[in-house]
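Trainee: I would like a close look at one part of this model. Please take the salt bridges, and set them against the contact between the first two chains.

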Amino acid sequence: MDNTHLLLAVSGTLFTLGLVGVIVRRNLLVMLMFLELMLNGVLLSLAVFTQLLGVEAGAVLMLLVFTVAAAEIAIAVPILLLLVRAGHTLDPGAYGGLKG
Amino acid sequence: MIETVFLMIFSFGALVGAVAMFFLRHPMRVALALIGTMLSLAAIYAELGLHVIAVFQVLIYVGAVMVFMIYAIMLLDVRDRSFTERFSPLLVAGLAGLLLLLGVLVDGLLRTEPVAAAAVNGDAFRVGAFAIVFMDEFWVYFALAAVLLLVAEIAASAVIDVRRRGGDAADPGKENGRG
Amino acid sequence: MTAMNGMLTLLVLLPLAGFILNGVLGRRLGPVFVNGVGVGLPILAFLTALWAWRTLEAGGGVPIIETVFTWAVIGEHVFEVAFYLDRLSAVMALIVTGVGALIHIYSIGYMRGDEGYARYFAYLNLFLFFMLLLVLGRSLLVLFVGWEGVGLASYLLIGFWFQDVTKARAGRKAFITNRVGDAGFLLGMFLIFTTVGTLEMDRINEAFAGGLIPLGVATAVGILLFIGATGKSAQIPLHVWLPDAMAGPTPVSALIHAATMVTAGVYLVARMSGVYLEAPAASTLIAAIGVLTAFLAATIALVQTDIKKVLAYSTISQLGFMFLALGVGAYGVAVFHLFTHAFFKAALFLGAGSVIHALNGEQDIRRMGGLARRIPWTFGTFAVATAAIAGLPPLAGFFSKDAILWFALASGQGGAAWLWALGSLTALLTALYMFRLLWLVFLGRSRMEPETERHVHESPVTMTAVLVVLAFFSVIAGWFALPHYLEPLLPVPALRFDSALLHWAQIGFAVVLALLGLAAAAWLYQDGGRRGDEAWERFQRLHRMLAGKYFVDELYERTLQRPWRWLSDRIFLRLGDRVLIDGSLHGLAGLARWSAAVFARVQSGSLHWYAWMTLFGLVAVLIWVWRHV
């Protein structure tokens with residue numbers, strides 16, 4: 001197993017852990033953090049392929065993903081705050097009625 | 001060879017952080033574990049020669065996103081059911097999904113031919129070349145991403161504004177609409 | 001080809017205008033308007049037909065062709081709506097509009113006070129429109145439109161009093177029976193088109209006259225078109241609808257089911273004579289069917305007790321005579337008989353209508369009698385028309401029927417002794433049943449219900465005047481030498497033996513037969529038909545068979561209707577409709593409902609559940625990708 005395979009395996013594992021974390025954890029904030037973990041997993045694979053193929057586009061994409069992640073968190077956290085203010089809980093099960 | 005060792009160490013660190021996120025009860029600790037993972041990843045990027053990305057990883061993710069997240073955690077020190085019970089009802093199903101997805105990914109990884117070993121050095125990636133390509137070919141996308149960021153900030157401030165005024169007259173419908 | 005000036009188009013459109021005006025406005029504007037439009041326009045149409053006929057004669061009989069518009073251009077084939085006026089269609093148009101106008105006038109009195117007065121005239125005008133389309137169409141396609149249209153008008157008018165279920169059913173029966181014939185007609189048209197490449201009748205005749213068409217095709221075309229004609233003209237085996245069609249108002253029976261529409265089949269065969277000249281086998285079939293129909297219908301008419309049914313079977317019988325003439329190649333003679341028959345049969349029907357009117361709806365001749373003095377005008381005209389149909393000289397029926405019998409015997413195109421013998425026997429029966437009708441209705445002692453008898457009254461002048469006019473034509477119509485007039489168009493067949501002596505002998509024999517029928521009817525039915533009944537006592541089985549109309553309806557019921565009904569019910573309704581179509585639709589709906597219920601659960605509102613489904617989908621996509629890419 002060479003470095004590429006190692007890093008790709010780590011990337012896939014991080015992504016899987018992130019997704020499963022969203023599934024199994026109960027706390028909304030923690031779920032948000034698992035989303036970030038998923039993004040990081042993907043970013044790692046992008047980095048590997050950028051390096052492997054010597055294409056700058058991968059790096060550009062990573063930069064854009066950073067931007068999107070920042071935007072996402074900027075909008076997600078206030079929404080979360082509002083949600084908690086309305087429902088007094090961070091348990092997404094309490095908001096099932098929204099049928100989102 | 002030493003690079004491989006470093007890569008393995010940092011990969012291990014990232015994985016440990018990720019796994020720890022599962023079991024830590026308090027969101028603050030989860031956040032710290034995540035920061036650990038992110039820093040490990042930044043180190044891996046640096047190891048791969050993507051210094052710019054590594055710097056951005058530290059600055060944006062750890063510096064901005066996670067700090068924001070920690071503020072939120074401190075603001076919302078809610079000790080509700082989600083705090084006492086770590087796992088959702090789908091714990092077993094989620095773990096089954098974990099095995100499934102991992103199995104598929106590993107299977108896919110094993111199917112691929114061993115690729116040419118990644119050049120673990122800084123030769124393949126130059127900041128100057130990156131900058132030129134970036135500003136030549138991808139500036140439109142970058143501008144679009146900037147617009148997205150701007151919109152997100154406006155939206156965030158709007159949401160916060162709602163929250164501030166919502167304190168006087170509780171209006172869940174309006175909040176739901178925003179949510 | 002003379003100049004086109006829209007004359008024929010005007011002729012056709014006048015009744016259509018009457019239909020539209022009466023149909024849309026008639027109910028609101030009252031009977032004066034209805035009379036003005038519904039009767040005035042047919043009279044105008046008759047005048048136009050006269051004008052067209054004069055124009056035709058002024059042009060020396062050269063056909064007038066008027067193209068109204070091009071219906072369709074398909075490849076190299078052009079289908080035009082064009083009108084074609086030659087001597088044959090001129091005669092037909094004059095009969096249709098002339099008798100039609102008279103019957104419209106008669107209807108004013110007959111239908112007075114009916115709820116559907118405007119509707120009645122609208123339908124009648126619609127019938128005239130389609131009939132003119134049929135008669136004047138140059139292409140078989142236009143003729144077919146008219147052909148179907150008169151069927152529609154006939155259906156509407158038979159079921160005019162549709163509140164009565166039996167009458168509505170009679171209309172349906174007529175319509176459906178005609179469809180059987182129409183199928184043959186359509187197939188014939190297709191065959192002609194594939195063979196000749198045109199549907200314009202003059203060109204078809206030319207093509208067939210060229211002698212290049214194979215005998216088999218000509219025979220097939222002839223038989224298929226004749227099948228269409230049997231439907232419209234009530235010949236065996238499709239004759240069953242006409243007696244039931246008497247459910248309609250009597251003027252309708254006179255116009256549609258005696259004088260004009262039922263002769264459309266005769267017109268069709270005469271018009272396509274070019275085909276039949278090339279198809280002797282088809283002609284023989286026509287002659288045989290014609291004479292058989294004439295004979296069998298006449299025997300049925302002997303025992304009918306409904307005044308209109310007697311006349312209906314008489315119509316079938318006379319149409320049989322016409323087809324006999326067509327079958328032996330005497331096309332002009334057939335049209336001649338059509339011409340005379342239109343007058344005396346219209347007179348008879350309208351006379352019957354007058355009787356029914358006088359008796360307040362009574363139609364059973366066993367409860368009539370002695371009406372001669374009470375309604376003298378009706379009696380007089382009815383007697384003249386009866387004599388005409390029986391073939392007494394010098395009235396109209398004498399000339400045309402004798403010509404038919406002579407050609408049945410002597411024609412070089414299929415004349416045969418047995419056709420003549422059966423035709424003569426039928427002529428005898430015709431005289432017998434017609435005079436029986438006359439005696440039972442008008443002579444002898446009254447057998448009416450006292451209540452009915454008190455109210456017997458002569459019909460209004462609009463009705464009797466029409467009767468007088470028709471009776472007048474029943475006298476003189478035979479004096480026109482119509483076969484000679486049409487000879488350039490419809491050649492008279494060569495004779496097998498040219499013997500003036502034989503011809504005179506035949507004429508004398510026919511007159512003797514007519515007088516014999518008269519005498520027999522007078523003797524048998526002079527006293528309310530007592531002697532006639534006694535005579536029938538001896539032949540009870542025969543009587544039952546005739547009264548049952550040879551049980552053709554029952555035969556159809558058993559052999560066609562029941563299996564068809566079973567098939568419709570079991571196969572098409574229960575299996576096809578309910579199980580297959582309804583079942584599959586309900587199944588689809590059930591599937592949709594079930595799957596909706598299943599997928600509705602998916603949207604539970606639980607974020608964890610959504611994420612898990614994302615994961616599952618991801619796995620599925622990855623597996624698929626790695627399998628297939």
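Mentor: What follows goes through the contact between chains A and B, then chain C and its charged pairs.

This is a predicted model, in which local features need pLDDT of at least 70, side-chain atom pairs count only at pLDDT 80 or more, and totals for chains, interfaces and linings use all residues. Residues are numbered from 1 along each chain as its sequence is written, chains are lettered from A and ligands numbered from 1 in the order in which they are written, and side-chain values use heavy atoms, with hydrogens and water left out.

Start with chains A and B. Their contact (heavy atoms within 4.5 Å) takes 68 residues from chain A and 88 residues from chain B. The area buried between the two chains is about 7,200 Å², with 78% of it from carbon and sulfur atoms; buried area here is the accessible area, with a 1.4 Å probe, that two parts lose on being put together, summed over both. On the chain A side, A:Arg26, A:Met33 and A:Gln51 lose the most area to chain B, together 11% of what that side buries.

Between chain A and chain B the count is zero salt bridges, a salt bridge being a side-chain nitrogen of Lys or Arg within 4 Å of a carboxyl oxygen of Asp or Glu. There are 11 residue pairs in polar contact between these chains, both residues at pLDDT 80 or more. A polar contact is a pair of N or O atoms within 3.5 Å; within protein, one must be able to donate a hydrogen and the other to accept it, and residues adjacent in sequence count only if both atoms are side-chain atoms.

The elements of chain A that give two or more residues to this side are helix H1 (3-24), helix H2 (28-53) and helix H3 (56-87). H3(A) gives the most, with 24 residues. Helices (H or I, at least four residues) and strands (E, at least two) are DSSP runs, numbered from the N terminus. By class, the side of chain A that touches chain B has 47 nonpolar, 14 polar and seven charged residues. Ala, Val, Leu, Ile, Met, Phe, Trp, Tyr, Cys and Pro count as nonpolar, Asp, Glu, Lys and Arg as charged, and the others, Gly among them, as polar.

Now the salt bridges themselves, which come to 17 over all chains. Side chains of opposite charge can pair when their charged atoms come close. Chain C has 25 helices and two strands, and 55% of its 629 residues count as buried. Buried means under 20% relative accessible area, exposed over 50%, and partly exposed in between (1.4 Å probe, protein chains only).

C:Glu57 forms a salt bridge with C:Arg87, with the closest N and O atoms 3.3 Å apart. The pair links helix H1 (residues 7-58) to helix H2 (residues 87-110) of chain C, its residues being 30 apart. C:Glu57 counts as partly exposed because its relative accessibility is 22%, whereas C:Arg87, at 18%, counts as buried.

C:Asp202 pairs with C:Arg138 at 3.0 Å between the closest N and O atoms. C:Asp202 lies in helix H6 (residues 201-209) and C:Arg138 in the loop between helix H3 (117-136) and helix H4 (140-158) of chain C, so this salt bridge ties together parts that are 64 residues apart in sequence. Both C:Asp202 and C:Arg138 are buried.

C:Asp569 and C:Arg574 also meet in a salt bridge, at 3.1 Å from N to O. C:Asp569 is partly exposed at 27%, and C:Arg574 is partly exposed at 39%. Finally, C:Glu362, C:Asp364, C:Arg366, C:Arg367 and C:Glu449 are linked in a network of salt bridges.
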